[in-house]
Amino acid sequence: MNGEGDRRHADEMLAAVCGADGRVRLERVPVPLPGPGEALVRVDACGVCGSDRSFVAGATRPPGVALPVVLGHEIAGRVAAFGPDTDGGRLEPGDAVLVYPFIGCGNCRACARGQGHLCLQQRIVGYHRPGGYAEYVTVPVENLLASPATLSPAYAALLVDAFATPYHALAQAHAAPGDRLLVMGSGGLGMAAVLMRDLWQLEAVGVVSSHEQALELARALGADEGFLQTSDSDRNLARVLRRWSQGGVDLVLDTRGTAQSVAFALGAVRPGGAVAVVGLSPDALPDVALAGFARRGVRLIGSFGSSRWDVAKLVDWASGDGRGALERLQIHKIPLDALPDRLNPAGGAASERTGSPWTAPMAAYARLVVTPGSP
Ligand SMILES: [Zn+2]
Ligand SMILES: [Zn+2]
């Protein structure tokens, strides 16, 4: 491929590149060539995950990521081409697809058990290899799933991470019909858990947040109860929660993952219940008396990412009953050239700089999705 004359536009594409200095800039780069076993995907939509904001802000970054990099791991698009000697299986060029973002080493004991998302040598699309904040991306064919036919790419993109992460955590916690779930935190993962209540046939869902407006939204999306947490109200809140849950919830999904939230969650769960932590904070585990922990038979679970199988389940869900729930979420689409201002710490609204999109006023609660294909 060369960069001259008429061929230039076919060979180049726009990408939002996170440079060596950590700032995101729009650049013209060569369209990547799919290697053997890979597909070239034209990106229709890429969800802007909170972890990308925190990556650009320099707060938390997955290990082993080298700059510059094209971020974006919630990708929906269409197959543009397959690499040499590559069998697309049931997929053909033009097919709408989702990209499962985790690539395990294939050789370790985690990978052997289908847990490539936990592999210590894992490569994540949008971190360890170029992601979806670009017009095209190459990915292994085995990471592609057919997208639900009736769902728009902007919603479909959210299935692979924003929904798959809490789905996997609930599966790890053995969520069962009739369970009472408490969600700690009201960001994208927490709201996705609320929207999946029918999928898990939960009897009740409560949300704890320090943002009153986020609790309003959680109720609008299907939560039974919102619990406002103020800085020094934990004991009072614990009492209110015990009453609401009749002695303790069956499950807690902790999307904050701080020492304080985990300690609170362990106090809110019933004997025999489970606490699943998906929030990534640098905190140490809280100081908890182990005799009480053991006697209460509580399970404390760390959960990261999802398996391809989880995403396949969500595709099934979104192809049927789930579509209505999913589309309750408001989406705000932006073109690729508007992304740098949204991600760079100096740009965007103050609420977006501090992480959770749900801290913004009600009108701005929509989930941000980049649509590189649109002008
Ligand atoms: Zn993410
Ligand atoms: Zn591995």
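Cys119 is buried, at 3% relative accessibility, where buried means under 20% relative accessible area, exposed over 50% and partly exposed in between (1.4 Å probe, protein chains only). This is a predicted model, in which local features need pLDDT of at least 70, side-chain atom pairs count only at pLDDT 80 or more, and totals for chains, interfaces and linings use all residues. Residues are numbered from 1 along each chain as its sequence is written, chains are lettered from A and ligands numbered from 1 in the order in which they are written, and side-chain values use heavy atoms, with hydrogens and water left out.

Cys119 (SG) is among the protein donors of the zinc ion (ligand 2). Donors are N, O and S atoms within 2.8 Å of the metal (3.2 Å for Na, K and Ca); water is not among the atoms, so sites may look incomplete. The two zinc sites are set out below.

| Zinc ion | Protein donors | Distance | Spacing |
|---|---|---|---|
| ligand 2 | Cys105 (SG), Cys108 (SG), Cys111 (SG), Cys119 (SG) | 2.3 to 2.4 Å | C-x2-C-x2-C-x7-C |
| ligand 1 | Cys49 (SG), His73 (NE2), Asp161 (OD) | 1.9 to 2.2 Å | C-x23-H-x87-D |

At the zinc ion (ligand 2), Cys105 lies in the loop between strand E7 (102–103) and helix H3 (109–112), and Cys119 in the loop between H3 and strand E8 (123–124). Helices (H or I, at least four residues) and strands (E, at least two) are DSSP runs, numbered from the N terminus. Cys105 is partly exposed, with a relative accessible area of 29%.

At the zinc ion (ligand 1), Cys49 is buried at 11% relative accessibility, and His73 is buried with a relative accessible area of 5%.
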